[in-house]
Amino acid sequence: RRDIDEASRAAEEMVDKIKHARVDTRPSVNWRDWRNMLTLRQADYDNALTFGCTLFDRLLLSAGKGGSLVRGDTTLLLAATGGGKTSVSFTIAAANMIRQHPVLIVTHEQTEPELWQKMLCILMRLSAEELMNAWQNPEVAEKLDMWSEWLSRYVEFVHLPEDGVT
């Protein structure tokens with residue numbers, strides 16, 4: 001009986017601590033300020049970055065206007081090695097670069113030529129085989145020059161190859 005009473009008191013103390021816990025020193029939420037809060041949230045939705053796929057954008061944030069990646073939110077891509085995480089990430093980067101949003105790409109897998117080829121394939125909408133068969137064609141080279149200007153302007157690329165990092 002004594003153990004149950006002690007456990008009950010400990011539980012009550014824990015509940016009391018949780019009720020009065022503070023993460024920071026800012027004043028508590030002013031629920032009367034709903035207009036400002038919803039205005040800020042609408043701006044988040046209006047300025048959301050795109051996933052690069054309209055269907056995903058609608059599934060992830062139906063209230064968004066052409067995007068689903070909201071500033072401050074976290075989106076996590078999980079897949080096995082070779083599962084397409086880099087391709088998805090590069091598609092997201094390319095779609096937002098085209099919208100003139102700056103992009104930072106940090107990666108540690110694959111070689112730089114493989115990564116550049118992947119990005120150029122996405123931008124040119126060509127398979128790796130099609131790109132390799134066409135890159136010396138003057139018309140294709142002109143488009144590649146244009147995309148390289150966009151990449152130089154909007155994408156910061158950091159490749160950190162390191163043995164044993166997965």
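Helices and strands are taken here as DSSP runs, with at least four residues for a helix and at least two for a strand, numbered from the N terminus. On this basis the chain of the predicted model contains seven helices and two strands. Read from the N terminus, the order of these elements is α-α-α-α-β-α-α-α-β.

The overall dimensions depart from those of a compact globule. For 166 residues, such a globule would have a radius of gyration near 15 Å, whereas the value for the chain is 24 Å. Along the principal axes, the C-alpha atoms occupy a box of roughly 85 × 45 × 30 Å. One pair of residues illustrates these dimensions: Glu12 and His108 lie 96 residues apart along the chain, and their C-alpha atoms are separated by 49 Å. Glu12 belongs to helix H1, which spans residues 2–19. With a relative accessibility of 53%, Glu12 is classed as exposed, because the exposed class begins over 50%.

Burial and surface composition were computed for the whole chain. Of the 166 residues, 22% are buried. The exposed area of the chain is about 13000 Å², of which carbon and sulfur atoms supply 55%. Among contacts between residues at least 6 apart in sequence, 56% join residues at least 24 apart. The chain carries 19 positive and 24 negative charges, and the mean positions of the two sets are 12 Å apart.

Nonpolar side chains in soluble globular proteins tend to be buried together. In the present model, the largest nonpolar core comprises 20 residues, and those with the most contacts inside this core are Met97, Ile105, Met119, Leu123 and Leu151. Two or more residues each are given to this core by H4, E1, H5, H6 and helix H7 (138–154). The greatest contribution comes from H5, with six residues. The surroundings of Met97 were examined further. When neighbours within four places in sequence are left aside, Met97 is in contact with Val103, Leu123, Trp147, Trp150, Leu151, Tyr154 and Val155. Leu123 and Leu151 thus appear both in this list and among the core residues with the most contacts.

Two backbone conformations deserve separate mention. Most residues other than glycine have a negative phi. Gln100, which is not a glycine, has a positive phi of about 65 degrees. This residue is located in the loop between helix H4 (85–98) and strand E1 (103–107). The relative accessible area of Gln100 is 46%, so this residue is partly exposed. Arg125 is likewise not a glycine, and its phi is positive at about 60 degrees. Arg125 is placed in the loop between helix H5 (112–124) and helix H6 (128–134). With 75% relative accessibility, Arg125 is counted as exposed. Both residues therefore lie outside the buried class, for which the relative accessible area must be under 20%.

Conventions. Residues are numbered from 1 along each chain as its sequence is written. This is a predicted model: local features need pLDDT of at least 70, side-chain atom pairs count only at pLDDT 80 or more; totals for chains, interfaces and linings use all residues. Side-chain values use heavy atoms; hydrogens and water are left out. The radius of gyration is taken over C-alpha atoms; the globule rule is 2.2 Å times the number of residues to the power 0.38. Buried means under 20% relative accessible area, exposed over 50%, partly exposed in between (1.4 Å probe, protein chains only). Contact means heavy atoms within 4.5 Å. Accessible areas come from the Shrake-Rupley method with a 1.4 Å probe; for residues, only the protein chains shown count as cover. Lys and Arg count as positive and Asp and Glu as negative; His and the chain ends are not counted. The place of a charge is taken as NZ of Lys, CZ of Arg, CG of Asp or CD of Glu. A nonpolar core is a set of buried Ala, Val, Leu, Ile, Met, Phe, Trp, Tyr and Cys residues joined through side-chain atoms within 4.5 Å.
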